[in-house]
Amino acid sequence: MYAVRSVEYARRTLAVDLTQAYLRTLQLYDSVKNAAANLASTRTNFDRIAAQAEWGRVPLFQLDQAKTSVLSAEESVNRSRTSLKDGLDSLKLTLGLPLEQQIELDTAELALLTAMDVSELGLDSEEAIQIALNCRLDLLNRRDGLADAQRTVAIAEDQLRAQLDVSGRISIPTPDQSEAQRPGYFKAERFTYDAGVDLDLPLDRKDERNTYRRALIDFDRTRRSLVDAEERIRREVAAAYRTVDRAYRSYQIELASRDVARTRVESTQELIKWGRVETRDLLDALDADLRANNAVTAALIEFRVAYVEFLHAIGILHVDDEGVSIDLAREEGNETSEG
């Protein structure tokens, strides 16, 4: 049972690590997409400003600013693509694949993550800690280890008592040929019986006392280790809970910031047609929109990663051939679905 729990816990930990690595790589892919979209918008606005500069409606230094912005957008695309390649190499190493292996990301996964509901956990920190104390496989192993240590103490204590062995023996001789021809014929007077009693008084129990003392020390050590593990899990769950809560609030803030950035781009593009804002205002708005889009994706990935790590921390993350899911059956301590 210990081995089964340990292997399952390791599988869940590996699943969390792989999920995190894959989502981080998806985030890099989205950064490339956002940088490319920003480059397209920057080039479109440069062409528009160049046309206005040709008619003398825009000063030449603003045209130079727009050109610089295009070059910066191109560099941003190059950096994003390089980061994506580095991320793919890291993902290959995590998956145990050679670097020359070609892999493609399922980019639709990012759209699915975006479409999924992002909400608060719906339970408080203490409830999460209680679930973890009931469901964490590593903690269950430690509790059973304490029970084993307690049984070892009981066995060692029993060895200190007096020992009384009772033995008995009966000998039935082989019948001769004439008697063997008479089924069921026995001569009870020819049977021999022996009986004995061996009493071992607890006068010399030095080895047994040492074994008993070692068992007591091991039991006390195991008990302290269990208490430490419970406290560690409490802190781990509390930290994971706070991380999910912070990630949720950050995502909501980044969504609002992206809406503001998009509105700013639209209004600036409209105002620049009438010469009511300068080129720099539009370029700043486009740059802010790019940062906002990247920040939203980063916040979404951060929330998903934190959520999976939280489920693992409280012990209800189930791993099978279809992927990872929530093992709600174990919230009450039911161990039927550990494998």
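Helices here are DSSP runs of H or I with at least four residues, numbered from the N terminus. With that in mind, open the model, which is a predicted one, and let's walk through it.

**Stop 1: the rings of helix 8**

Select helix 8, residues 279–314. Show the side chains of Phe303 and Tyr307, which sit four residues apart in this helix, about one turn. The whole structure holds three aromatic pairs. Phe303 and Tyr307 make one of them, a stacked pair with 6.1 Å between the ring centres and 15 degrees between the planes. Add Tyr248 to the selection, and you have one aromatic cluster made of Tyr248, Phe303 and Tyr307.

Now switch on the surface. Is Phe303 buried or exposed? Phe303 is buried, because its relative accessible area is 2%, under the 20% cut-off. Tyr307, its stacking partner, is partly exposed at 27% relative accessibility.

**Stop 2: the largest nonpolar core**

Stay with helix 8 and move to Phe310 and Ile314. Together with Val237, these residues touch the most other members of the largest nonpolar core, which has 51 residues. Colour by helix to see where the core comes from: helices 1, 2, 3, 4, 5, 7 and 8 each supply at least two of its residues. Which helix gives the most to this core? Helix 7 does, with 13 residues; select 206–273 to bring helix 7 up.

Next, centre the view on Ile314 and display its surroundings. Setting aside neighbours within four places in sequence, Ile314 is in contact with Ala128, Ile131, Ala132, Cys135, Arg136 and Val237. Keep Arg136 in view, as it returns at a later stop.

**Stop 3: a second core**

There is also a separate core of 11 residues, and its members include Leu39, Phe46, Ile49 and Val58. Pick Phe46 and add Lys67: the charged end of Lys67 sits over the Phe46 ring, 5.6 Å from the ring centre.

**Stop 4: salt bridges along the helices**

How many salt bridges does a search of the whole structure find? The search finds 23, and three make a good sample.

- Helix 1: select Glu8 and Arg11, which are three residues apart, about one turn of the helix. Their side chains meet in a salt bridge at 2.7 Å, N to O. Glu8 is buried at 3% relative accessibility, whereas Arg11 is partly exposed at 30%.
- Helix 2: select Glu75 and Arg79, four residues apart, about one turn. Their closest N and O atoms lie 3.9 Å apart in a salt bridge. Glu75 is partly exposed at 38% relative accessible area, and Arg79 is partly exposed at 48%.
- Helix 7: select Asp220 and Arg224, four residues apart, about one turn. The closest N and O atoms of this salt bridge are 2.2 Å apart. Arg224 is partly exposed, with a relative accessible area of 45%, and Asp220 is partly exposed at 26%.

**Stop 5: a charged network**

For the last view, select Arg136, Asp138, Arg232 and Glu236, which are linked in a network of salt bridges. Arg136 is the residue to linger on: it belongs to this network and is also in contact with Ile314. Bring Ile314 back on screen, and you can see the charged network together with one of the residues that touch the most other members of the largest core.

Notes. Residues numbered from 1 in each chain as written. Predicted model: local features only at pLDDT ≥ 70, side-chain atom pairs only at ≥ 80, totals over all residues. Heavy atoms only, no water. Phe/Tyr/Trp six-rings, centres within 6.5 Å; stacked < 30°, edge-to-face > 60°. Buried < 20%, exposed > 50% of the residue type's maximum accessible area, 1.4 Å probe, protein only. Lys NZ or Arg CZ within 6 Å of the ring centre and 35° of its normal. Core = buried A, V, L, I, M, F, W, Y, C linked by side-chain atoms within 4.5 Å. Contact = heavy atoms within 4.5 Å. Salt bridge = Lys/Arg side-chain N within 4 Å of Asp/Glu carboxyl O.
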